[in-house]
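Colleague: I am new to this one, so could we walk through it together? I would like to know the reason behind each label you use.

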Amino acid sequence: MLPRESTNTLELIHTIKCEIDRLSEKQAEALKTATYLGMTPDEAKEYDRRERIAELVHQMQLLNESQ
């Protein structure tokens, strides 16, 4: 891999990690809200970010393997 490609990959990994962190924080807040205030099934579905987090983790794994 060329140095520039490596830099691009590292930047992409960093971007994905930041998105995972952001989504994880929102997921944790949603769980707190659901615990204390309750949530309708539609609200719960809107706030469920586990699937997207799993997709991002998979992308990071693929990027890491490509290095």
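**Reading the labels**

Modeller: Happy to. Let us begin with Gln61, which is partly exposed at a relative accessible area of 45%. Please keep in mind that this is a predicted model.

Colleague: Why is Gln61 called partly exposed?

Modeller: Buried means under 20% and exposed means over 50%, with partly exposed in between. Gln61 has 45%, so the label is partly exposed. Gln61 sits in helix H3, and its C-alpha atom is 9.2 Å from that of Ile13, although 48 residues separate the two in sequence.

Colleague: What makes Gln59 partly exposed?

Modeller: The relative accessible area of Gln59 is 34%, which lies between 20% and 50%, so partly exposed is the right term. Gln59 also belongs to helix H3. Its C-alpha atom is 8.5 Å from that of Ile13, with their positions 46 residues apart along the chain. Setting aside neighbours within four places in sequence, Gln59 is in contact with Ile16 and Arg52.

Colleague: And Arg49, how do you know whether it is buried or exposed?

Modeller: Arg49 has a relative accessible area of 16%, and that is under 20%, so Arg49 counts as buried. You will find Arg49 in the loop between H2 and H3. Not counting residues up to four places away in sequence, Arg49 touches Leu23, Lys26 and Gln27.

Colleague: Which label does Met39 get, and why?

Modeller: Met39 has 26%, over the 20% limit for buried and under the 50% limit for exposed, so Met39 is partly exposed. Met39 is in the loop between H1 and helix H2 (41–47). Apart from neighbours within four places in sequence, Met39 is in contact with Ala30, Thr33, Ala34, Ala44 and Tyr47. Met39 and Lys26 are 13 residues apart in sequence, and their C-alpha atoms are 15 Å apart in space.

Colleague: Now the whole chain. Which pattern does the protein chain follow?

Modeller: Along the sequence the pattern is α-α-α, with three helices and zero strands.

Colleague: What makes you say that the protein chain is more spread out than a compact globule?

Modeller: For 67 residues the globule rule gives 11 Å, while the radius of gyration is 16 Å; that is well over the rule, so the chain is more spread out than a compact globule. The C-alpha atoms fill a box of roughly 50 × 15 × 15 Å along the principal axes.

Colleague: How much of the protein chain is buried?

Modeller: Buried residues account for 16% of the 67 residues. The accessible surface is about 5400 Å², and 55% of it belongs to carbon and sulfur atoms.

Colleague: Which residues make up the largest nonpolar core?

Modeller: There are seven: Ile13, Ile16, Ile20, Leu23, Ile53, Leu56 and Leu63. Helix H1 (3–37) and helix H3 (50–66) are the elements that give two or more residues to this core, and H1 gives the most, with four. As for Leu63, it touches Thr9, Leu12, Ile13 and Ile16, leaving out residues up to four places away in sequence.

Colleague: What share of the contacts join residues at least 24 apart?

Modeller: Among contacts between residues at least 6 apart in sequence, 68% do.

Colleague: One last thing: how many positive and negative side chains are there?

Modeller: The protein chain has 9 positive and 13 negative side chains, and the centres of the two sets lie 2 Å apart.

Definitions and conventions. Residues are numbered from 1 along each chain as its sequence is written. This is a predicted model: local features need pLDDT of at least 70, side-chain atom pairs count only at pLDDT 80 or more; totals for chains, interfaces and linings use all residues. Side-chain values use heavy atoms; hydrogens and water are left out. The radius of gyration is taken over C-alpha atoms; the globule rule is 2.2 Å times the number of residues to the power 0.38. Buried means under 20% relative accessible area, exposed over 50%, partly exposed in between (1.4 Å probe, protein chains only). Contact means heavy atoms within 4.5 Å. Accessible areas come from the Shrake-Rupley method with a 1.4 Å probe; for residues, only the protein chains shown count as cover. Lys and Arg count as positive and Asp and Glu as negative; His and the chain ends are not counted. The place of a charge is taken as NZ of Lys, CZ of Arg, CG of Asp or CD of Glu. A nonpolar core is a set of buried Ala, Val, Leu, Ile, Met, Phe, Trp, Tyr and Cys residues joined through side-chain atoms within 4.5 Å.
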